[in-house]
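User: Could you walk me through how the terms used for this model are justified?

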Amino acid sequence: MTLPVFLADLDAVLAGTAPAPLPGPGQTVTVTGPEARHAVSVRRLGTGDELILADGRGKAVHCTVRETEGRDTMILAVDQVLAPTVRDPRVTVVQAIPKADRAELAVDLACQGGADAIIPWQADRCIARWNGPKRDKALGKWRAAAVAAAKQSRRTDVPRVPGLADGGDVEKIIRDTVSGGGEAVLLHEESAVAFTTINWADSRNVVLVIGPEGGISPAEVDRFTAAGARSVRLGPEVLRTATAALSALSAIGVSSSRW
């Protein structure tokens with residue numbers, strides 16, 4: 001079975017800041033707090049057990065538990081540095097905010113599918129609105145969902161979840177991606193262009209724009225395609241906004257070196 005993954009600096013990952021450097025082979029490190037509590041009290045790891053300690057940005061080390069103290073402290077011996085996580089192409093999901101009961105599911109599935117970043121987008125037709133103090137709380141939930149899904153998926157990197165984007169932000173992301181030689185696509189049920197017409201193997205940086213339950217508005221389609229995005233249809237069925245990213249990431253996976 002694949003070794004469990006724990007984060008060396010959970011607070012930094014949840015805050016979206018740079019984590020502290022990982023220790024090297026031959027060193028020891030003490031892990032405390034929620035990560036150690038889960039390892040010791042829930043997973044029942046003890047002396048001699050192996051695990052992966054990650055920084056949440058793709059770097060990780062293989063460790064052996066040297067000893068535990070109480071229910072929320074473990075001392076690890078670092079055995080070796082693992083190869084960093086590299087996905088080709090890199091995929092950023094611009095996810096229109098779903099209704100509350102589906103928001104964390106959308107993040108969870110996109111993370112399982114291998115998204116490198118998940119950007120919450122306040123689309124024209126979003127029912128959910130992140131206003132005032134609600135914004136920070138909702139963003140925190142998305143980041144926590146990304147952490148949980150990454151660990152469950154045995155990922156050593158957690159998808160970055162930056163701040164809330166509006167239409168202007170998405171337009172800039174598209175322009176920057178396309179001008180840099182990448183591919184930006186809108187998943188749009190009314191498009192006559194099939195998802196399979198794009199040669200994903202030639203792309204190094206991909207942006208997937210996923211609309212809300214009510215779909216991407218005509219004004220947004222015009223604005224984003226003018227910025228360089230391609231409007232494509234992902235299969236004959238109309239997918240829910242929470243499952244579209246996973247479906248698209250899976251299709252890219254089998255059409256590129258990702259898989």
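Analyst: Gladly! Let's begin with strand S3 (residues 50-54) and strand S4 (residues 60-69), which run antiparallel and are joined by 5 bridges. This is a predicted model, where local features need pLDDT of at least 70, side-chain atom pairs count only at pLDDT 80 or more, and totals for chains, interfaces and linings use all residues. Residues are numbered from 1 along each chain as its sequence is written, and side-chain values use heavy atoms, leaving out hydrogens and water.

User: What makes S3 and S4 a pair?

Analyst: Two strands (DSSP E runs of at least two residues, numbered from the N terminus) pair if DSSP finds at least two bridges between them. S3 and S4 have 5 bridges, so they pair. Ala54 stands opposite Ala60 in S4.

User: Which strands stand at the edges of the sheet ordered S7-S6-S9-S8-S10?

Analyst: That open sheet has 5 strands with parallel pairing. Strand S7 (117-121) and strand S10 (230-232) each have a single partner strand, so one side of each lacks a neighbour in the sheet. Inside the order, S6 (residues 90-96) and S9 (residues 205-210) pair over 6 bridges in the parallel sense, with Leu208 in S9 as the bridge partner of Val93.

User: Why is the set containing Leu208 called a nonpolar core?

Analyst: The term requires buried (under 20% relative accessible area, 1.4 Å probe, protein chains only) Ala, Val, Leu, Ile, Met, Phe, Trp, Tyr or Cys residues joined through side-chain atoms within 4.5 Å. Leu208 is among the members touching the most others in the largest such core, of 62 residues. Helix H4 (residues 133-152) gives the most to this core, with 8 residues.

How values were computed:
Buried means under 20% relative accessible area, exposed over 50%, partly exposed in between (1.4 Å probe, protein chains only). Helices (H or I, at least four residues) and strands (E, at least two) are DSSP runs, numbered from the N terminus.
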